[in-house]
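Notebook open, two spots to look up today. I start with the metal site and then move to a core position.

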Amino acid sequence: MQEVKKPSKKPLIYYYVMTILILMLLNATLFPSILEKKVQDVTYDVFMSMTYDRNVGQVQIEGDEITFTDKAEENIYKTVAVSSDQGLVDRLYESGAQFQEIDTQPGLLTSILVGWVLPLLPFLFIGYFINRKMQKAMGGGEGMMFGMGGGSGAKVYVPSSTGIRFADVAGEDEAKELLHEIVDFLHDPEKYREIGAKLPKGALLVGPPGTGKTLLAKAVAGEANVPFFSIAGSEFVEMFVGRGAAKVRDLFKQANEKAPCIVFIDEIDTIGKKRDGQFSGNDEREQTLNQLLTEMDGFDGSKGVVVLAATNRPDSLDPALLRPGRFDRRIPVELPDLQGRVEILKVHAKKIRLAEDVDFEPIAKMAAGASGAELANIVNEAALRAVRDGRKFATQEDLQESVEVVIAGYQKKTRVLSDQEKKIVAYHEIGHALVAAMQTHSAPVQKITIIPRTSGALGYTLQVDDGDHFLMSKEELMNKICTYTGGRAAEELIFHSVTTGASNDIEQATKLARAMVSQFGMADEFGMVAFETVSNQYLGGDASLTCSPETQTRLDQKVMEIVETQRQKALSILKENEDKLHRLAQYLYDHETITGQEFMTILEQGERE
Ligand code: ADP
Ligand code: MG
Ligand code: ZN
């Protein structure tokens, strides 16, 4: 446990001492002159006439100075007596004036009230606010150092404020179903208690970036009419040891008070990383994690506090966090399938104005492998394109183009390719497409363009699968590698030289071939042995080798062999169809873009001749 320091009151004492000093100064200088009753100087004849009018109340005579008030004793006057006026006293007596000392000083009570109490009030008020602010900044006066900002930072969400419901999350039906149960429990706990079922304490949303994990959590908040605390894992990361832990404690304290409620920790991997005892370790992070583990054990599940968390690095999480009783429910939020993509496109299309005849299915097919966030982006790009063209609604074509924009970047307007380069790129791309088309198992080509893109691609081939594929056979993978090598093969065949344009193809082909050998067990001589383990499956899927250097050498040789065999195959396919290659490349060179249909027409023409 860390030491809990009470916030220092010192600054506040200084503040009050200063206030008293300022008030003393004011009382000595400014206040008396303000508070003193106003004395009006008048001439003697005014005094005389007031006496005759019997309009004098009190009179005080000091030498030749006469101070007097009117009958109502409201105003005080002062005048200098004319020394020859002998009958003055008698006359005053007759007029009914009272001889009395007139006090021009304010009363004691008034002077205390006006001089001290009143000015003190605003100071007290300001002091009170400073005090409150300081305590807030100290996280309710808990575990502070140097009196710097703090608090758990958890925001309480009013249920309707996010406004996101399950209906706003398209696809992801399994995830929604699992979360729905949690929402249901919070609404009607009796139903579950009767049968003795316990609410899971925590659920962990795992999946690649942009698949809607944060969105789902917000939808849960929108559906469950309970308070929703949302905090990002990074908000627990603090400079000082113990601060993060204090935040965790504070968060769960708040949550327990508000139960039933939902606590959502986004990007939990920032604090939930494996504690691996390497180096001196990160004390602060470890303490925060320990505190989280303790809190999750500590609270009573039946009270109705549910902890949701999201991450795209589940493999880096501490196993202690994942054991039953903590995040015992794991909710996969995967990349959407074809149907899911169509639905996501539809959800986002509601936000923009679209032509009536838009068909989302071909768009979804084009955008294979896109995440929800990318699909949302595609729809928005389409709307932007429509505006750019001065139209009032987006069309099918806008959507198609924006898929390409999201995949390959914007079209480059300026011509950067020389004539010869353009020719090479045309042959290269047709090489890919032709090899793909000639192998029965390859997906048909949707479109090929040689308009350079901002991503750096000089041209590209858009392949569209007819549906989702979950399994790939060895043969299909081989054909894919063959297609990757088709571009370079065409360059070699026609121009007898090679260019740098194939670097990405080479990378892809190698990656695939390596995975076949070391992960999929598709090379006979190595058998069913894994030589690589994939870490970070949701973030690129880096693989690390787990084999001896000797095996590694053999693996490399095998990979080279696979790619080379496929390159030879591609070369022979292109040689056999060289006339088609020329015709198609010429067409692409002239038109810069060729659709799948045009491609097939030209291909079949060649076959008929
Ligand atoms: P992450 O999984 O990385 O937390 P987000 O939940 O932040 O992803 O999603 C980012 C954006 O992508 C959302 O705001 C939403 O617009 C869009 N999105 C992602 N998945 C979906 C989905 N299943 N349905 C609708 N929109 C989605
Ligand atoms: Mg997120
Ligand atoms: Zn290529």
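Metal first: the four donor atoms around the zinc ion (ligand 3) subtend angles of 51 to 143 degrees, so I put the arrangement down as irregular. My yardstick: four donors are tetrahedral if all angles lie between 85 and 135 degrees; four are square planar and six octahedral if opposite donors are over 155 degrees apart and all others between 65 and 115; anything else is irregular.

I looked up who binds: His428 (NE2), His432 (NE2) and Asp505, the last listed with two OD atoms, lie 2.0 to 2.8 Å from the zinc ion (ligand 3). Donors here are N, O and S atoms within 2.8 Å of the metal (3.2 Å for Na, K and Ca), and water is not among the atoms, so sites may look incomplete.

Ground rules: this is a predicted model, where local features need pLDDT of at least 70, side-chain atom pairs pLDDT 80 or more, and totals for chains, interfaces and linings use all residues. Residues are numbered from 1 along each chain, chains are lettered from A and ligands numbered from 1 as written, and side-chain values use heavy atoms without hydrogens or water.

The donor spacing reads H-x3-H-x72-D. His432 is buried at 8% relative accessible area, and Asp505 is buried at 12% (buried is under 20%, exposed over 50%, partly exposed in between; 1.4 Å probe, protein chains only).

Second spot: I found Leu92 buried at 0%. Outside its neighbours within four places in sequence, Leu92 is in contact (heavy atoms within 4.5 Å) with residues including Phe47, Val59 and Phe99.
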